Amino acid sequence: MNMKAPRGTVDLLPENTRKWQYAEKKIKDICDRYNFNEIRTPVFEHTEVFQRGVGDSTDIVQKEMYTFEDRGGRSLTLRPEGTASVARAYVENKLFGNPIQPTKLYYFAPMFRYERPQKGRMRQLNQFGVEVLGSADPAVDAEVIDLAMTCYKEVGLSSLKLVINSLGDSESRDNHRNALVEHFTPVKNELCEDCQTRLKQNPLRILDCKKDREHPAMKNAPSILDYLNDESREYFEQVKSYLTMMDIEYEVDKNLVRGLDYYNHTAFEIMSEAEGFGAITTLAGGGRYNGLVEELGGPDTPGIGFGMGFERLLMALEAEGKQVAIEEQLDCYVVALGEQAEKESVRILHELRAVGIKAEKDYLGRKMKAQFKSADRFNSSYVLVLGDGELEKQMINVKNLETGDQIEVKLQEVVSYMKETLQGGTGNE
RNA sequence: GCGGUCGUGGCGAAGUGGUUAACGCACCGGAUUGUGGCUCCGGCAUUCGUGGGUUCAAUCCCCACCGGUCGCCCCA
């Protein structure tokens with residue numbers, strides 16, 4: 001029996017979930033300020049959603065999908081990325097008919113890709129992402145990029161690089177594609193195996209091939225930027241000028257093409273420049289996908305979005321030495337001695353919690369000394385000591401662990417006493 | 001899919017071809033019969049990843065497999 005988590009998956013234990021919650025909270029708050037709303041789509045979709053959405057020629061569809069057949073013979077796939085699902089939901093729920101437009105959505109969800117795990121790469125990964133559907137305004141492109149950069153900055157990252165490019169509209173892309181085929185066909189046999197396939201399927205991706213990077217034909221390869229028609233060029237110029245207006249630094253990389261078929265016009269990537277980050281530096285990637293909604297059966301609707309790897313975000317924080325220290329602390333630990341006191345302590349614990357006090361007790365039948373140790377370990381501000389002696393007097397001892405001061409309080413009043421004391425701020429500062 | 005490296009208690013980490021597998025941390029108990037963070041004492045591995053082989057004998061040698069980790073491809 002194999003009782004280990006499957007390869008490429010991990011358990012996130014409390015020590016880590018605290019960090020996740022910290023980052024999630026910050027990011028959700030930013031989404032709210034930018035007026036984005038959360039969408040939650042199923043973890044799996046009909047396989048066609050990704051085949052059509054992400055594109056058959058992509059690595060994701062060709063070799064990375066978790067595809068299975070359900071008992072009804074349907075082919076389903078665990079989502080490898082967020083955009084196709086959101087676009088499908090947008091069409092299915094006719095969100096295009098909503099009077100509030102554009103539709104600004106965000107999600108925080110697990111994704112699945114069948115790959116060999118390594119640093120910063122998991123089979124189940126978590127992404128935060130946003131999608132804006134229904135506007136072809138370059139200011140929206142800039143807003144989405146701004147949002148992504150703001151998330152990183154407010155969470156605490158600083159060594160970032162934003163890289164952008166334009167893939168142009170379909171006319172520009174077609175012209176560029178033809179130019180690429182014409183350019184590379186004469187040297188086809190000198191290219192790597194993958195690129196020979198790409199030449200037929202998706203010549204654009206030859207440009208970011210790592211193996212053929214040094215090939216002489218790469219240096220003077222037709223750049224998409226030279227094939228942008230007037231409209232596409234103007235669009236790109238506007239996106240850039242908006243970024244400049246917001247003081248967002250960027251670098252144009254004409255070889256940035258992104259791995260998914262649906263992109264056009266703006267494509268961007270955000271990378272970490274922190275030292276010791278391992279082989280992986282891409283933190284987030286995104287772009288515009290104006291034909292996607294139509295491809296999935298909806299009306300012709302422009303869209304743009306990005307996906308941000310959450311594991312990588314946290315790795316980057318660590319690489320930059322940013323500690324996300326959220327110290328665990330307890331208001332009050334109830335030490336009980338004796339059978340009657342033990343029972344009474346359960347009631348007190350309940351009452352304390354009912355008025356908003358974070359409280360705990362021992363459940364392992366430990367001796368007093370060990371119970372105090374527990375209280376220390378929980379970093380408790382106070383300990384309430386209740387023994388049969390106190391119980392007889394209807395009193396309870398309240399001890400401040402920081403000062404060591406201890407006073408006796410009426411059992412009946414201990415909850416309100418604690419509430420007052422804690423609110424007075426004499427506890428843990 | 002390919003390549004490097006690793007696999008000893010809850011964690012970290014020594015170690016040897018031979019009937020008791022160091023040490024540190026953590027944990028539990030006691031010194032201290034009802035008051036903590038210090039100290040001292042004691043306790044804490046019957047699969048040394050799994051299976052097979054070599055050997056009188058293997059945790060240690062050999063092989064295979066599995067798993068972790070890092071890298072290639074690609075990406076978040």
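Is tyrosine 114 buried, exposed or partly exposed? In this predicted model, tyrosine 114 comes out as partly exposed, because its relative accessible area is 44%, and values in between 20% and 50% get that label. Tyrosine 114 also has a charged neighbour: arginine 123 sits over the face of the ring, 4.0 Å from its centre. A similar description applies to lysine 361, which lies over the face of tyrosine 363 at 4.5 Å from the ring centre.

Now for the ring pairs. The count of aromatic pairs is 12. In one of them, tyrosine 66 and tyrosine 114 have ring centres 5.5 Å apart and planes at 70°, so this pair is edge-to-face. Tyrosine 66 belongs to strand 3, while tyrosine 114 is in the loop between strand 5 (103-112) and strand 6 (124-133), so the contact ties together parts 48 residues apart in sequence. Tyrosine 66 is partly exposed too, at 25% relative accessibility.

Another edge-to-face pair is made by phenylalanine 128 and phenylalanine 306, with 5.9 Å from centre to centre and 70° between the planes. Here distant parts of the chain are linked, with phenylalanine 128 in strand 6 and phenylalanine 306 in strand 11 (residues 303-309), 178 residues apart. Both of these phenylalanines, 128 and 306, are buried, and together with Tyr106 and Phe268 they make up one aromatic cluster.

Back in strand 3 (residues 66-69), there is also phenylalanine 68, which is partly exposed at 34% relative accessible area. On the surface, Phe68 joins Val43 and Phe44 in a nonpolar patch, and the three together offer about 240 Å² of accessible area.

Terms used: Residues numbered from 1 in each chain as written. Chains lettered and ligands numbered in written order. Predicted model: local features only at pLDDT ≥ 70, side-chain atom pairs only at ≥ 80, totals over all residues. Heavy atoms only, no water. Patch = residues over 30% accessible without salt bridge, like charges linked within 9 Å, V, L, I, M, F, W, Y side chains within 5 Å. Areas by Shrake-Rupley, 256 points an atom, 1.4 Å probe, with all protein chains shown as cover. Salt bridge = Lys/Arg side-chain N within 4 Å of Asp/Glu carboxyl O. Helix = DSSP H or I, 4+ residues; strand = E, 2+ residues; numbered from the N terminus. Buried < 20%, exposed > 50% of the residue type's maximum accessible area, 1.4 Å probe, protein only. Phe/Tyr/Trp six-rings, centres within 6.5 Å; stacked < 30°, edge-to-face > 60°. Lys NZ or Arg CZ within 6 Å of the ring centre and 35° of its normal.
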